[in-house]
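This briefing covers the overall make-up of one protein, its nonpolar cores and one helix pair. The topics follow in that order.

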Amino acid sequence: MRSVALAFTKRQITSKGAPHRRTAAKYHFARRIMAETAPSPSSFVDTHVHVNFIMKQYNEAVDSFEPFVDKHFREASGGGWEASVHVCCDIDSYDVSLKYVTDHPRLYGAFGIHPHNAKEYTDEIEEKLLQAMKNPKVRAWGECGLDYHYNNSEPEKQREVFRRQIQKAVSVGKPIVVHTREAEDDTLAIMKELVPQDWFVHVHCFTSKLDFAKALLEHFPNLYLGFTGVVTFKSATEVQEVVKNTPLNRMLLETDGPYMAPIPHRGKIATSAMIPHTAKKIAELKGVTVEEVLRAARESTR
């Protein structure tokens, strides 16, 4: 039997000509093997999922997560599921999210405030997020960013809160999980202004155009693009073009469950067990094997 631990590592990076040292941080899923067998080449990590939202859609009590995750993640994946990063992006999910990542050996956490909820951001909420960062299984700050599609919060407020969260994430040495939708110019400008160039960043559920992807990847050498089941949709030609032009070692696999279920499950509740469908489509687009996609994504999830 195999046990998986998610270990957080830091690198000290000294900028040329800078009088101080910056800390860049990254995900590092370190394996602890409790048997002599090596990890399966088809094992995978879902780098972005909302477990509590999945359970609500299944009409399950959110605190009965252990048997639920075992059934819908581990068993449904045929044993390939290795771990998931549960994302808490609103303050109402805070307490149960801390319980998830603390109690379940294969759930790790990212905590932040979604741009939809930027209008609710306060000093008190910020302090709670800072407290969450002290949990050894909380690996990143986010998701945070800009979403001008719905504008559930005013754009000016979104930009203010995005800036604050970036600054706090950097101050505590955490990778940043970025949400951006129809806000590419402002997202890139704020990131270039406030995110150290060597920082580790996950731009999740990437659905923007190729020029934005290239700008991000070229400026931030430790930035990764997260791809969901959207890449399997017939209408997702722009995202598929991004996949074709993105190196395998700059990709992360995610579901954003319960949303974005891939074909052949489109319209259903997405769970971490569906990652292989996304990997299969990426392999088709890149002209490589599914195992190569899974292996590269797994190596980047560190």
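Of the contacts in the protein between residues at least 6 apart in sequence, 71% link residues at least 24 apart. The model is predicted. Its 302 residues are 55% buried, and the protein has 10 helices and 12 strands.

**Nonpolar cores**

- The largest nonpolar core has 72 residues, and those touching the most other members are Met191, Phe206, Leu216, Leu223, Leu225 and Phe227.
- Helix 9 makes the greatest contribution to this core, giving 5 residues.
- A second core, separate from that one, has 6 residues, among them Cys89, Ala110, Ala140 and Val177.

**Leu223 in the largest core**

- Neighbours within four places in sequence aside, Leu223 contacts Met191, Trp199, Val201, Val203, Leu216, Leu217 and Arg250.
- Two of these partners, Met191 and Leu216, are also named with Leu223 among the core residues that touch the most other members.

**Phe206 in the largest core**

- Phe206 sits in a loop, with strand 10 (201–203) on one side and helix 7 (210–219) on the other.
- Its relative accessible area is 3%, so Phe206 counts as buried, the cut-off being under 20%.
- Not counting residues up to four places away in sequence, Phe206 touches Phe212, Ala213, Leu216, Leu225, Gly226, Phe227, Val239 and Val242.
- Of these contacts, Phe212, Ala213 and Leu216 fall within the residue range of helix 7, while Val239 and Val242 fall within that of helix 8.
- Phe206 and Thr228 are 22 residues apart along the chain, and 7.7 Å separates their C-alpha atoms.

**Packing of helix 8 against helix 9**

- Helix 8 spans residues 237–245 and helix 9 spans residues 275–286; the two pack at an angle of about 65 degrees, and their axes are 9 Å apart.
- Helix 8 is therefore roughly perpendicular to helix 9, a class that covers angles of 65 to 115 degrees.
- The two helices, 8 and 9, cross in a right-handed sense.
- On the helix 8 side the contact involves Gln240, Val243, Lys244 and Asn245, which meet Lys281, Ile282, Leu285 and Lys286 of helix 9.
- Sorted by class, the residues in this contact are 3 nonpolar, 2 polar and 3 charged.
- The charged residues are Lys244 in helix 8 and Lys281 and Lys286 in helix 9, and the polar ones are Gln240 and Asn245, both in helix 8.
- The nonpolar residues are Val243 in helix 8 together with Ile282 and Leu285 in helix 9.

Methods
Residues are numbered from 1 along each chain as its sequence is written. This is a predicted model: local features need pLDDT of at least 70, side-chain atom pairs count only at pLDDT 80 or more; totals for chains, interfaces and linings use all residues. Side-chain values use heavy atoms; hydrogens and water are left out. Axes are lines fitted to C-alpha atoms, for helices over the stretch in contact, and angles run from 0 to 180 degrees between N-to-C directions. Helices (H or I, at least four residues) and strands (E, at least two) are DSSP runs, numbered from the N terminus. Angles under 35 degrees count as roughly parallel, over 145 as roughly antiparallel, 65 to 115 as roughly perpendicular and the rest as oblique. A crossing is left-handed if the near helix is turned anticlockwise from the far one by less than a right angle, and right-handed if clockwise. Contact means heavy atoms within 4.5 Å. A nonpolar core is a set of buried Ala, Val, Leu, Ile, Met, Phe, Trp, Tyr and Cys residues joined through side-chain atoms within 4.5 Å. Buried means under 20% relative accessible area, exposed over 50%, partly exposed in between (1.4 Å probe, protein chains only).
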